[in-house]
Structure formats: C-alpha cells, structure tokens
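Biologist: Could you walk me through this model, starting with the fold and then moving on to where the chains touch?
Modeller: Gladly; here it is.

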Amino acid sequence: MHIEDGILSAEACAGWYAATAAFVIPGIYEIKHRIRENLSYKPFLAMTGVAVFVISAMHLPVPVTGSCSHPCGTALAAIIVGPFATAVISTIVLFFQAVFFGHGGITTIGANTFSMGICGGLSGWLFWKALRSVSCPVWLAAGVAGFVGDLVTYLTAAFELALSLHGQVPLMKQWMIFFMGYAPTQLPLAIGEAIFTAAVLLAMVNRRPDLLPQVLVRKPASQVLVGKEA
Amino acid sequence: MSTRANPLGSGSQSPRFFDGFTKIMLTTMIVLELAIFASASYMSRHKLTGAGTDDIVNNLATATKVNGEHHPFVQLPGDSELSAFSVANFFAGLIVGYNWVKLFGSKPQPDGKKED
C-alpha cells in the first residue's frame, strides 16, 4: 500500500492530504486528552508507534504467489491507543519510511496514511468494538480486527489508485484490477496479522488488564473487565 | 564513589541467561526465520522473483497512467538499505522492549507488591 511519488495527480495527493488531516487533527486532540487522564498512555503510544513502523516495513515472502508483502499493525494500534491517534502515528511512521527507506513517497503520505492508518485502523477498531459488544472473546475479536484491518488497508490503496487512474475504464473494474495485484499475497498475511493481533492483545490482557480499561470495559456502568472472561 | 560489578549484590540470585521469556522469543524468531527461509528457497527454486506487491501494483499503476514515472522519495543504493533497516529495527526493538517492560513486565499483586 506504499504508493510512491509520481503516480497520483497533484489534485489527488492534495485531496488525500485533506482527508487525512480530518482524522489527524482530532487525533492530536485525542492524544492530548488521553495523556492527561491515563499515565500509561504515553508509553503505549511510543510502543505502538514503533511497532507499526517495524510491522509495516517487514516484507514477508509468500511462496504461493512468489511475491512479498507486509502486514500493517494499525488494527492493533487502533484497539490500544484509539483510531484517531493511530492516524497520527501512521502519518509519522509513513514519513520516516518514505524519507529513510524509500517506502512510499512524500506527496503520497496523505493517501498512504488514509489507507493504512485511517481505513485499516478504523475498520479493525469497528469490528473489535462490534464483536466485543456481543461478548465475543478477546482473541477472536482481536483476530478478526487484525484480518479486516489488513485487507481494508489494501482495498483502500487499490481504490485510491483506481480513482485517479481509471480513465475510461469503469472505476469498479479498475479497482478490482489493482486490488487483485495485492490480494493473493495479502490474504495469507492477513491471517498472520490476525494471529499476531490476537496473541499480542491476549498477552497484554493477561499481564495487566488494569492498564487497558478503555479497551476491555464493555459497559461503563458495570465496570466489567472482560479480559478475565476471555 | 565506587561501582559494583554485580549491582544485585553478592547475596542475590543472578539472572538466568535462558529464562522463559528468552526461550519463547528465540523459538518464535527461529520458527519465523525458518518459514521465511523455506518460502524464499521455494520461490528461488521455482524462479519466482519475490518482488514486493507494492512495487508490482505501483508498476501496474504507472503502466495504466498516460505519462510519468513512479519513484520512491529516496532510493538507497546497495547494502545501505540493509544498514538503514538494521539501525531502525535495533532502536525500534529497544523502544518497544523498554516500554513493554515498563507496562507489562510485572503483575501487580493484591498486597501492592510486584511479581517479576
């Protein structure tokens, strides 16, 4: 999903920057707010940001397709630090990846953040919330969140490309053409990301459920820590 | 002012080299490395390039586009890319590990003590 410089038009780049800013600005306020109410939030944010940086740069070979791709880690990040804060850390991560590694581009940070940090993180977080609201176990909800977040990231990246480049070809057709460039390799990695997300969240819940009150509490009135039931 | 070679003191138990955490992490690392090695070997034997899907789709997008060339913001030559990744991942590992230990390194006990 690291779209490079020179592919999207200037108008498209500006549009994706604006769309990303609509999530990053509330994300900055979310971070400031949560730092004040939770002393553990800062180390969470640092750890999560660095983890997203490493995970989204880790190209893994998939022998079935003969190509490599990377997981994203943004669904896990959104569950732990919140979806808007994930948009902020993804922007920073993608900036450093573009500047130091040649992953992605500077003009496309908006588009890349929108696919990985916003759509990937938000979709995973929504699935997590929905499944937890129906008493789904932590490991299953986290696994589904990781799987969905990964695939939605690539669906969005393919859509961004198709929207700019479809020309006379129907948008849906061009979208699926680009997505099929990602999908065969991404599907096994999405399963891997599901397992990883579930394992990390379970480890966190088992070690210190008290540090994850906003993650685990289903009903604020009941103050139930669901991690102990999982 | 003096420094001590063993800050834990002579009477304390020295840390074990192969504790449970190290064993699990090493095992996980070896399993993942073997999986990567096996996948790469399979691809090499079947003459598969192992190219990144990002690059494949970026090339496809450029071919779709009327004009222009895609390019990363910076292209590191030779082994310098490996160096950049190694440095970044080393320090990333330190930061993740430091914060993980700070947050999850010990379980609070009911009496207020911490369990290692």
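**Fold, contact and one residue**

Modeller: Read from the start of its sequence to the end, chain A of this predicted model runs through the pattern α-α-β-β-α-α-α-α-α-α, which amounts to eight helices and two strands.

Biologist: What radius of gyration does chain A have, and what would a compact globule have?

Modeller: Chain A has a radius of gyration of 18 Å, and this agrees with the value near 17 Å that a compact globule of 230 residues would have. Along the principal axes, the C-alpha atoms of chain A fill a box of roughly 55 × 40 × 30 Å.

Biologist: And how much of chain A is buried?

Modeller: Buried residues account for 57% of the 230 residues in chain A. As for its contacts, if one takes those in chain A with a separation of 6 or more, 72% of them join residues that are 24 or more positions apart.

Biologist: Switching to the contact with chain B, how many residues does each chain put in?

Modeller: Chain B contributes 43 residues and chain A contributes 45 residues. On the side of chain B that touches chain A, the elements giving two or more residues are α1 (20-45), β1 (51-52), α2 (53-64), α3 (80-104) and β2 (107-108) of chain B.

Biologist: Which of those gives the most?

Modeller: That is α3(B), with 12 residues on the side of chain B that touches chain A. Sorted by class, that side of chain B holds 24 nonpolar, 14 polar and five charged residues.

Biologist: In which sense do β2 of chain A and β1(B) pair, parallel or antiparallel?

Modeller: They pair in the parallel sense, over two bridges, with strand β2 of chain A covering residues 67-69. Within this pairing, Cys68(A) stands opposite Gly52(B), which belongs to β1(B).

Biologist: Different topic: where does Phe127(A) lie?

Modeller: Phe127(A) is in helix α5 of chain A, which spans residues 109-133.

Biologist: Why does Phe127(A) count as buried?

Modeller: Phe127(A) counts as buried because it has 23 C-beta neighbours inside 10 Å, and the cut-off for a buried residue is 20 or more. Leaving aside residues up to four places away in sequence, Phe127(A) touches Val144(A), Ala145(A) and Val148(A).

Biologist: How far is Phe127(A) from His103(A)?

Modeller: Taken from C-alpha to C-alpha, Phe127(A) and His103(A) are 28 Å apart in space, while in sequence they are 24 residues apart.

Notes. Residues are numbered from 1 along each chain as its sequence is written. Chains are lettered from A and ligands numbered from 1 in the order in which they are written. This is a predicted model: local features need pLDDT of at least 70, side-chain atom pairs count only at pLDDT 80 or more; totals for chains, interfaces and linings use all residues. Two residues are in contact if their C-beta atoms, placed from the backbone, lie within 7 Å. Helices (H or I, at least four residues) and strands (E, at least two) are DSSP runs, numbered from the N terminus. Ala, Val, Leu, Ile, Met, Phe, Trp, Tyr, Cys and Pro count as nonpolar, Asp, Glu, Lys and Arg as charged, and the others, Gly among them, as polar. Two strands pair if DSSP finds at least two bridges between them. The radius of gyration is taken over C-alpha atoms; the globule rule is 2.2 Å times the number of residues to the power 0.38. A residue is buried if 20 or more other C-beta atoms lie within 10 Å of its own, exposed if 12 or fewer, and partly exposed in between; C-beta atoms are placed from the backbone.
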